[in-house]
Amino acid sequence: MASDSRIGLFGGTFDPVHYGHLRPAVEIAELFELSTLYLMPNHQPGHRGPTAASTDHRLEMLTMAVKDAPRLVVDTREAERNEPTYTIDTLKEIHHEQADATLVFFLGLDSFSAFDSWHEWEEILTLTNLVVLDRPGAEHSEFSQGLLARQQANCGRQIVNGRTGVIQTCQVTQLAISATDVRRRIASDLSVRFLLPDEVSEYIDANNLYRS
Ligand code: ATP
């Protein structure tokens with residue numbers, strides 16, 4: 001791995017993956033000139049209840065969704081953990097494996113607004129930079145507004161190689177799609193066409209996911 005590599009990390013439940021994940025992923029890989037953007041489905045997210053589809057199904061759907069997308073790679077390390085996953089542990093592992101790489105962790109504004117509830121969030125900022133993606137309907141909390149003002153990439157503080165703790169916001173194409181809404185539509189027997197890749201939709205049908 002070259003010492004100037006810039007690695008992107010994008011975690012989530014991907015239950016199921018939809019275009020609200022995929023389009024921003026393509027845009028940020030280009031915009032931030034990432035060598036790789038790792039999409040990391042978690043097994044049991046530490047901060048929320050059980051997922052609707054199994055880890056294997058979520059992994060399968062995500063893998064088929066990105067199979068032809070340059071630089072987008074599914075990282076299975078969190079999915080393989082048989083206990084609640086914490087971002088800090090994942091970052092420590094990646095940092096250990098690729099000490100010279102600059103890490104950029106991407107998250108939607110809805111997630112960032114509750115970033116103070118993340119396990120060891122302050123330590124997370126010693127290992128990575130954050131890029132906050134705009135998301136329709138999402139708003140800052142008082143905490144996230146303050147943290148952004150303190151750490152944001154102004155006054156020449158940019159995400160450059162070797163740096164950590166910088167927080168940037170990023171305008172991506174706004175798609176008001178959520179996995180909750182996709183699951184709700186499927187359970188109500190409504191179409192999810194054009195909200196997610198056809199292949200994923202066919203997989204959901206074939207495996208009878210999210211029906212109840
Ligand atoms: P759910 O509705 O089940 O909570 P979700 O659609 O928010 O799911 P997640 O897998 O929880 O999807 O999200 C993974 C990451 O992607 C989070 O950082 C989230 O903020 C971001 N994200 C999800 N959907 C969008 C979207 N439409 N636009 C921008 N970011 C998004």
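**Exercise 1. A salt bridge after helix 8**

Is arginine 211 buried or partly exposed, and what is its relative accessible area? Then describe its salt-bridge partner.

Solution. The model is a predicted one.
- Step 1: The relative accessible area of arginine 211 is 33%. Buried would require a value under 20%, and exposed a value over 50%. Arginine 211 is therefore partly exposed.
- Step 2: The side chain of arginine 211 forms a salt bridge with the side chain of aspartate 205, at 3.0 Å from N to O.
- Step 3: Aspartate 205 has 46% relative accessibility and also counts as partly exposed.
- Step 4: Elsewhere, a network arises from salt bridges that share partners; its members are Asp75, Arg77, Arg81, Glu93 and Glu97.

**Exercise 2. The chain as a whole**

Describe the make-up and overall dimensions of the chain, and explain why its radius of gyration agrees with that of a compact globule.

Solution.
- Step 1: The chain contains 8 helices and 8 strands.
- Step 2: For 212 residues, a compact globule would have a radius of gyration near 17 Å. The chain has 17 Å, so the two agree.
- Step 3: Along the principal axes, the C-alpha atoms occupy a box of roughly 50 × 35 × 30 Å.
- Step 4: Buried residues make up 50% of the 212.
- Step 5: Take the contacts between residues at least 6 apart in sequence: 75% of them join residues at least 24 apart.
- Step 6: The accessible surface is about 10500 Å², and carbon and sulfur atoms account for 46% of that surface.
- Step 7: The chain has 18 positive and 30 negative charges, and the mean positions of the two sets lie 3 Å apart.

**Exercise 3. Two more salt bridges**

How many salt bridges does the structure hold? Set out where the partners lie in the pair lysine 67 and glutamate 199, and in the pair aspartate 181 and arginine 185.

Solution.
- Step 1: There are 13 salt bridges in the structure.
- Step 2: In one of them, the side chains of lysine 67 and glutamate 199 meet at 2.8 Å, N to O. This pair links distant parts of the chain, with the two positions 132 residues apart in numbering. Lysine 67 sits in the loop between helix 2 (55–66) and strand 4 (72–74), while glutamate 199 belongs to helix 8 (residues 198–206).
- Step 3: Glutamate 199 is partly exposed, because its relative accessibility is 36%.
- Step 4: In another, the side chains of aspartate 181 and arginine 185 meet at 2.9 Å, N to O. Both residues are in helix 7 (residues 179–187), and their separation of 4 residues is about one turn of the helix.
- Step 5: Aspartate 181 is buried, at 17% relative accessible area, whereas arginine 185 is partly exposed, at 27%.

**Exercise 4. Surroundings of two helix residues**

Which residues does proline 24 contact, leaving aside its neighbours within four places in sequence? Treat histidine 95 in the same manner.

Solution.
- Step 1: Proline 24 is part of helix 1 (residues 19–31). Its relative accessibility is 6%, so it counts as buried.
- Step 2: With those neighbours left aside, proline 24 is in contact with Tyr19, Leu133 and Val172.
- Step 3: Aspartate 134 is 110 residues away from proline 24 along the chain, yet their C-alpha atoms are separated by 9.5 Å.
- Step 4: Histidine 95 is located in helix 3 (residues 87–97). At 34% relative accessible area, histidine 95 is partly exposed.
- Step 5: Not counting residues up to four places away in sequence, histidine 95 touches Leu103 and Leu127.
- Step 6: A distance of 12 Å separates the C-alpha atoms of histidine 95 and glycine 8, which are 87 residues apart along the chain.

**Exercise 5. Backbone details**

Where is the cis peptide bond that has an omega of about 5°? Then describe the positive phi values of glutamate 120 and tyrosine 210.

Solution.
- Step 1: The cis peptide bond joins aspartate 15 and proline 16. Proline 16 lies in the loop between strand 1 (6–12) and helix 1.
- Step 2: Glutamate 120, a residue other than glycine, has a positive phi near 50°. Its place is the loop between helix 4 (109–112) and helix 5 (121–127). Glutamate 120 is partly exposed, at 36% relative accessible area.
- Step 3: Tyrosine 210, also not a glycine, has a positive phi of about 65°. Tyrosine 210 falls in the segment after helix 8. With 7% relative accessibility, tyrosine 210 counts as buried.

Technical notes. Residues numbered from 1 in each chain as written. Predicted model: local features only at pLDDT ≥ 70, side-chain atom pairs only at ≥ 80, totals over all residues. Heavy atoms only, no water. Rg over C-alpha atoms; globule rule 2.2 N^0.38 Å. Buried < 20%, exposed > 50% of the residue type's maximum accessible area, 1.4 Å probe, protein only. Contact = heavy atoms within 4.5 Å. Areas by Shrake-Rupley, 256 points an atom, 1.4 Å probe, with all protein chains shown as cover. Lys, Arg positive; Asp, Glu negative; His and termini not counted. Charge placed at Lys NZ, Arg CZ, Asp CG, Glu CD. Salt bridge = Lys/Arg side-chain N within 4 Å of Asp/Glu carboxyl O.
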